[in-house]
Amino acid sequence: MKLYLDTANVKEIQEGASLGLIDGVTTNPSLVAKEGRSFKEMLLEICNMVDGPISAEVVGIESEGMIKEGRDLAKIHKNIVVKVPLIPEGLRATKKLAAEGIRVNVTLCFSPTQALLAAKAGAWCVSPFIGRLDDVSSDGMELIRQIVTIYNNYDYKTQVLVASVRHPQHVVEAALAGGHICTMPYAVFQQLVKHPLTDIGLKKFLADWDGMGKK
Ligand code: E4P
């Protein structure tokens with residue numbers, strides 16, 4: 001499973017990418033607004049830090065505007081994947097952009113029927129938001145399982161990008177469900193490596209080794 005960082009903060013991306021395990025980055029208008037800087041400049045900086053797909057979202061809500069924005073975003077760098085919301089106008093734009101060879105991440109997906117339409121429109125990936133479903137007492141991970149099954153049944157090439165991840169267990173379940181990509185906040189990525197028994201075990205190994213030297 002590919003691991004992406006879900007942030008527009010270049011410091012976090014730089015730190016996360018230094019391990020060499022980050023495959024891509026997702027941003028959205030809220031994450032970009034939080035940084036308060038030029039969108040294009042930020043995208044270029046991110047593209048130079050991570051050599052993988054970098055999602056950048058359009059803000060238009062009519063297909064013509066989305067298509068124009070999408071083309072402009074795609075021109076910024078070869079790694080840009082254009083993010084388009086899962087509304088009828090977004091699907092129209094996806095079909096057009098995909099036909100032009102531009103990779104599209106269809107975002108704000110909350111149902112299997114939406115995901116089916118995204119695949120039919122030629123999306124490069126679809127982003128089901130599992131945390132936001134969990135927030136309203138729905139089973140976000142069940143949506144991932146359903147989409148993976150549907151895509152496998154018909155051999156759709158659209159990848160399932162598990163989004164709105166809140167904790168490491170979401171990452172585990174995304175991998176078990178066969179999600180192709182999992183994007184997560186930097187704080188969640190940092191938690192993936194941690195286990196208290198690893199720290200306790202290492203401490204004891206080193207203490208025993210030190211003790212041997214003194215004998
Ligand atoms: C996906 O690409 C979105 O940026 C993101 O995962 C949304 O997460 P949130 O529900 O934590 O805002």
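**Around the ligand**

User: What makes Asp6, Thr26, Asn28, Lys83, Phe129, Arg132, Ala163, Ser164 and Arg166 the residues that surround the ligand?

Analyst: A residue is near a molecule if one of its heavy atoms lies within 4 Å of it, and these nine names are the ones that surround the ligand: Asp6, Thr26, Asn28, Lys83, Phe129, Arg132, Ala163, Ser164 and Arg166. Bear in mind that this is a predicted model, where local features need pLDDT of at least 70, side-chain atom pairs count only at pLDDT 80 or more, and totals for chains, interfaces and linings use all residues. Residues are numbered from 1 along each chain as its sequence is written, and side-chain values use heavy atoms, with hydrogens and water left out.

User: Why is the pair between Lys83 and the ligand called a polar contact?

Analyst: A polar contact is a pair of N or O atoms within 3.5 Å. A polar side-chain atom of Lys83 sits 2.7 Å from a ligand oxygen, so it qualifies. Arg132 also has a polar side-chain atom 2.7 Å from an oxygen of the ligand, and for Ser164 a side-chain N or O atom is 2.7 Å from a ligand oxygen.

User: What makes up the shell around the ligand, by class?

Analyst: Two nonpolar, three polar and four charged residues. Ala, Val, Leu, Ile, Met, Phe, Trp, Tyr, Cys and Pro count as nonpolar, Asp, Glu, Lys and Arg as charged, and the others, Gly among them, as polar.

Definitions and conventions:
A polar contact is a pair of N or O atoms within 3.5 Å; within protein, one must be able to donate a hydrogen and the other to accept it, and residues adjacent in sequence count only if both atoms are side-chain atoms.
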